[in-house]
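Please examine the sequence and the three-dimensional structure shown below. The report that follows describes selected parts of the fold.

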Amino acid sequence: QPHTCLIIEDSLSIRKAMARCVKKQGWNVSHAVDGEEALRLLKMRNWDAVFVDEQIPLLRGTLVVEKFRAWEAKNRVARQNNICMISGNCHSHKNILVPQGFDAVMGKPFKNSELVKYLRKNASVGERNASLV
């Protein structure tokens with residue numbers, strides 16, 4: 001069964017570029033364009049990888065992940081993998097975002113090779129967690 005990826009991004013061009021790259025790896029892709037839709041989709045299933053843009057409409061990425069982590073703690077055994085995408089230098093934000101519930105930080109613009117690296121890493125984590133959901 002193909003791995004699943006949720007892309008939470010309001011920019012159509014970035015969303016399309018990411019989806020193209022993820023689909024080339026054989027993954028199924030879904031997307032959300034705002035925080036409310038993202039929170040609804042996050043609760044629907046345990047995704048193998050989730051990419052969250054920090055600056056999405058309605059609920060910022062950090063608030064989406066904070067609300068999801070609270071729900072997740074009461075409703076799931078396995079922890080969902082989330083990756084925050086931000087503009088500019090991601091390393092300066094990593095110490096802030098990881099304690100807020102993100103598992104990794106990836107800067108934008110990104111290279112397809114970086115995206116593939118995260119997918120491969122999360123695929124193995126998803127396989128380990130699949131039996132815990």
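Which residues does S30 touch, not counting residues up to four places away in sequence? S30 touches C5, L6, I7 and W47, where a contact means heavy atoms within 4.5 Å. The residue is found in strand β2. S30 is partly exposed, with a relative accessible area of 28%. Its C-alpha lies 8.3 Å from that of A19, and the two residues are 11 apart in sequence.

The model is predicted, so local features need pLDDT of at least 70 and side-chain atom pairs count only at pLDDT 80 or more, while totals for chains, interfaces and linings use all residues. Residues are numbered from 1 along each chain as its sequence is written, and side-chain values use heavy atoms, with hydrogens and water left out.

**The chain as a whole**

The protein chain contains 5 helices and 5 strands. Helices (H or I, at least four residues) and strands (E, at least two) are DSSP runs, numbered from the N terminus. From that end, the elements follow the order β-α-β-α-β-α-β-α-β-α. Of the 133 residues, 50% count as buried; buried means under 20% relative accessible area, exposed over 50%, and partly exposed in between, with a 1.4 Å probe and protein chains only. Among contacts between residues at least 6 apart in sequence, 61% join residues at least 24 apart.

**Strand β3 and helix α2**

Strand β3 covers residues 49–53, and 5 of its 5 residues are buried, so the strand is largely enclosed by the rest of the structure. In a regular strand the side chains alternate between the two faces of the sheet. In β3, A49, F51 and D53 lie on one side and V50 and V52 on the other, and both faces are covered. Strand β1 (residues 4–8) pairs with β3 in the parallel sense over 4 bridges; two strands pair if DSSP finds at least two bridges between them. Within this pairing, C5 stands opposite A49.

Helix α2 (residues 35–44) has the buried residues G35, A38, L39, L41 and L42. Their cover includes β1, β2, β3 and α3. At the N-terminal end of α2, D34 acts as a cap, with a side-chain oxygen 3.0 Å from the backbone nitrogen of E36.

**Helix α3 and the loop before it**

The buried residues of α3 are G61, T62, V64, V65, F68, R69 and E72. They cover an arc of only 145° around the axis, which puts them on the same side of α3; the arc is that of the directions from the helix axis to the C-beta atoms. The face turned away from this buried side carries the exposed residues E66 and K74.

R69 of α3 touches R79, Q80, N82, G101 and D103, not counting residues up to four places away in sequence. The side chains of R69 and E72 are joined by a polar contact of 2.9 Å.

L58 is placed in the loop between β3 and α3. Most residues other than glycine have a negative phi. The phi of L58, however, is near 75°, a positive value.

The table sets out the accessibility of three residues.

| Residue | Relative accessible area | Class |
|---|---|---|
| S30 | 28% | partly exposed |
| L58 | 59% | exposed |
| R69 | 12% | buried |

Note on methods. A polar contact is a pair of N or O atoms within 3.5 Å; within protein, one must be able to donate a hydrogen and the other to accept it, and residues adjacent in sequence count only if both atoms are side-chain atoms.
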